[in-house]
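This report is written for a reader who is new to the structure. The sequence and the model come first, and the description follows.

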Amino acid sequence: MMHFILLITFLLITPVANAAKSVPDTIAERVKACTICHDNEDKIERHAYYPRIAGKPQDYLFNQLRHFRDGRRHYQPMAILLENMSDKYMLEIAGYFSTLPLSFPPPEQVSIQPDEIKLAKQLIHSGYPARDIPACSACHGDTLMGIAPSIPGLLGLSRAYITAQFGSWRNGGSMRGQVSTCMSEIAKKLTDDEVNAVTKWLAAQPVSTQPGSISVLSPALTNRCSNIVLGEHTK
Amino acid sequence: MKYRFNTSTMSEWKIAVLFLGYVLATILAPTTAAENILNEESARSASEQQKLGAYLTRAGNCMGCHTAQGGQPFAGGRRLSTSFGIFVTPNITPDKEAGIGSWSEEDFWQALHQGKSRDGRLLYPAFPYTEYTKVTRQDANAIFAYLQSLPAVSQINPPSDIRFPYNFRPLLSIWRALYFKQGIYTPDQSKSAEWNRGAYLVQGLGHCNACHTNRNLLGASEEDTLTGGRIMGVNWYAPSLISRLEVSSGDWTIEEITELLATGISKRAVASGPMATIIRQSLQHLSIEDIRAMAVYLKSIAENNNDDTSGTLVPVISENMKEQFAQGRKLYDTYCQECHGVSGEGVAGIYPPLAGNRSVIMASPLNTIRTVLNGGFPATTAANPRPYGMPPFQQILRDGEIALVVSFIRNAWGNSGSWVTALEVDRSKSGER
């Protein structure tokens, strides 16, 4: 009888024990589906497109995850991956990636003309107030590394990725409908040359590790981008 | 309810309580108090009716179709693409203009039970009234009470875009004569109350048959067969729940079936694709008694034949295939083995086994290909709130590589399935979800 009980106990416990042994109970293990693309190395060929997500602000990542799932940001592979995920789990995943140490690919080798550099710097640091185009740095920080908790950094991203985002913002509210008062509106005011110059310039910059002096958005910009900045947390 | 409780005992209690209440009321304050008690009684039963309705609405997963991606619940607007055109689901919130706010209980019953709209128009069977017809009047009324209690959403949806000749509605009467059998579920007296409850849910509100059978050229499901079929409008195959060559649960324990349906994962399998969605939206919210009843019914209709014919088919293996098999193994070792194990054994409750997993081996490789292409997280459920995800390998592997690795998985560790080509992988990509 004792043997029988032992055998049964063994049978019941074995699978659980195996699971505990071979699969780490960590968030890193759970999100291997993400890191197969969003890893920190191998940013070449097809991999060059996937943006870094390590070190981006938690609310920014959380908003993007929800937008992919709910069809407000269109990218089918992400939509399928996240289809049956709860807000709560998304927030946890966003938090995890936001705390990962930054690790960036080296700046891209881009051929950029002096007049393009001038144009890019104008947009980055001053914008064109007369055309209602704010400086990039006004929202993304003077180091262009973003402002917590909702505004992403712009450096350490590939030119292909940044260009694709501009394409989405400019070619239709449907792609980024949720930000019609914010980036999509700004992107639509830019000329092709301006978009080209700024994407080249951004991709060619080394990542700054200095903390920026702009850490809070101005009330005007908070208002302008309220649907990003003031996104409600968990439902 | 009717199959689970001894109703006579309950009503005796109720009568006793009511009588006592009446006597007390008459003694204490003859008219007004008695009226108050009666009002409270009906108010409570209205809220209980809505509560029951909310539960049954979950069981029928009405929200699943009647909500657009990221849209307002029950406000419709979801596009269902079928071979007959695109159906846009209607708003079923109680808005008088945009929704069903001006419907009566009777109108709702007519839609659910007879497949007719309020104005008498015949409904397309994209709305599964072919299954919902089995729902009792009592349950239909509760669902209606719940829907009417929702906040009204004034969203007006675009019309459906149905192709000729299917857009000629009177043709539906011919279709109905051929394929629609109206009538509520009749319990099988030779079976247990639990079995009947399960059959009622599977055949009726659960409308499992809407996906788990082949639809013919006119879009009609085979009647209550659950023998598997390609899901219309989404590029997934809903496997047979009967055949032991597919996902019959005949050799599973009731507990294992219950666990998969309630949590989305068991030590033998994980629900993916549209089934993961059904579990997130519907099944995880049902009582464990109801899930168990469904498991009892599903097990009873499944084949459980121990004669294993899979070993008798000896495929011809060419030198070329041996070479491809070796390439597939190499890819498996690089990309899959870390989670699914050296011998495809998986990790119970975390990563599903691939060896002996019938949804991997079954005749249609579609679901396996799609899972490798798109990956995905199992549904987050109360019991599995932080699932482990499967990467979308189309982001890093080529079609030919995916064909090799899927062919390997279908034929390694005693598995036996057809070889998969790069062309099949490419064809599996279409379809929204």
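In this predicted model, B:R358 is buried, with a relative accessible area of 17%. Its side chain meets that of B:D251 in a salt bridge, at 3.2 Å from N to O. B:D251 lies in the loop between β5 and α9 of chain B and B:R358 in helix α14 (residues 358–361) of chain B, so this pair ties together parts that are 107 residues apart in sequence. Unlike the buried B:R358, B:D251 counts as partly exposed, at 41% relative accessibility. Salt bridges that share partners join B:D251 and B:R358 with B:E256, B:K267 and B:R268 into one network.

**Other salt bridges**

Over all chains, the count of salt bridges comes to 29. One of them joins the side chains of B:R244 and B:E303, at 3.8 Å from N to O. B:R244 is placed in the loop between β5 (237–238) and α9 (254–263) of chain B, and B:E303 in the loop between α11 (288–301) and α12 (319–335) of chain B, so the salt bridge ties together parts 59 residues apart in sequence. B:R244 is partly exposed, with a relative accessible area of 21%. B:E303 is partly exposed too, its relative accessible area being 36%.

B:D399 forms a salt bridge with B:K429, and the closest N and O atoms of this pair are 2.7 Å apart. Distant parts of the chain are linked here: B:D399 belongs to helix α16 (residues 399–411) of chain B and B:K429 to the segment after α17 (422–427) of chain B, 30 residues apart. At 33% relative accessibility, B:K429 counts as partly exposed.

The table gathers salt bridges named in this report, with the N to O distance for each.

| Salt bridge | N to O distance |
|---|---|
| B:D251 and B:R358 | 3.2 Å |
| B:R244 and B:E303 | 3.8 Å |
| B:D399 and B:K429 | 2.7 Å |
| B:E338 and A:K32 | 2.9 Å |

**A buried threonine**

B:T133 is found in the loop between α5 (129–132) and α6 (137–149) of chain B. Is this residue buried or exposed? B:T133 is buried, and its relative accessible area is 0%. A polar atom of the B:T133 side chain lies 3.0 Å from the backbone nitrogen of B:G183. Leaving aside neighbours within four places in sequence, B:T133 is in contact with B:L112 and B:H113, and also with B:F180, B:K181, B:Q182, B:G183 and B:I184.

**The two chains**

Chain A has 13 helices and zero strands. Its elements, taken from the N terminus on, run α-α-α-α-α-α-α-α-α-α-α-α-α. Chain B has 17 helices and five strands.

Of the 235 residues of chain A, 47% count as buried. For chain B, 47% of the 433 residues count as buried. Chain A exposes about 11900 Å², and carbon and sulfur atoms supply 62% of this area. The accessible surface of chain B is about 21500 Å², with 58% belonging to carbon and sulfur atoms.

Contacts within each chain can be sorted by separation in sequence. Among contacts in chain A between residues at least 6 apart, 69% join residues at least 24 apart. In chain B, residues 24 or more positions apart account for 61% of the contacts with a separation of 6 or more.

**Where the chains meet**

The contact between the chains takes 35 residues from chain A and 35 residues from chain B. The area buried between them is about 2900 Å², and carbon and sulfur atoms give 53% of that area.

How many salt bridges are found across the interface of chain A and chain B? There are two salt bridges across this interface. One of the salt bridges joins the side chains of B:E338 and A:K32, at 2.9 Å from N to O. Across the interface there are also 16 residue pairs in polar contact, with both residues at pLDDT 80 or more.

On the side of chain A that touches chain B, the elements giving two or more residues are α1 (2–22), α2 (27–30), α3 (32–35), α4 (58–70), α5 (76–82) and α6 (87–99) of chain A. Of these, α5(A) gives the most, with five residues. The residues of this side divide into 18 nonpolar, seven polar and 10 charged.

How values were computed: Residues are numbered from 1 along each chain as its sequence is written. Chains are lettered from A and ligands numbered from 1 in the order in which they are written. This is a predicted model: local features need pLDDT of at least 70, side-chain atom pairs count only at pLDDT 80 or more; totals for chains, interfaces and linings use all residues. Side-chain values use heavy atoms; hydrogens and water are left out. Contact means heavy atoms within 4.5 Å. Buried area is the accessible area (1.4 Å probe) that two parts lose on being put together, summed over both. A salt bridge is a side-chain nitrogen of Lys or Arg within 4 Å of a carboxyl oxygen of Asp or Glu. A polar contact is a pair of N or O atoms within 3.5 Å; within protein, one must be able to donate a hydrogen and the other to accept it, and residues adjacent in sequence count only if both atoms are side-chain atoms. Helices (H or I, at least four residues) and strands (E, at least two) are DSSP runs, numbered from the N terminus. Ala, Val, Leu, Ile, Met, Phe, Trp, Tyr, Cys and Pro count as nonpolar, Asp, Glu, Lys and Arg as charged, and the others, Gly among them, as polar. Buried means under 20% relative accessible area, exposed over 50%, partly exposed in between (1.4 Å probe, protein chains only). Accessible areas come from the Shrake-Rupley method with a 1.4 Å probe; for residues, only the protein chains shown count as cover.
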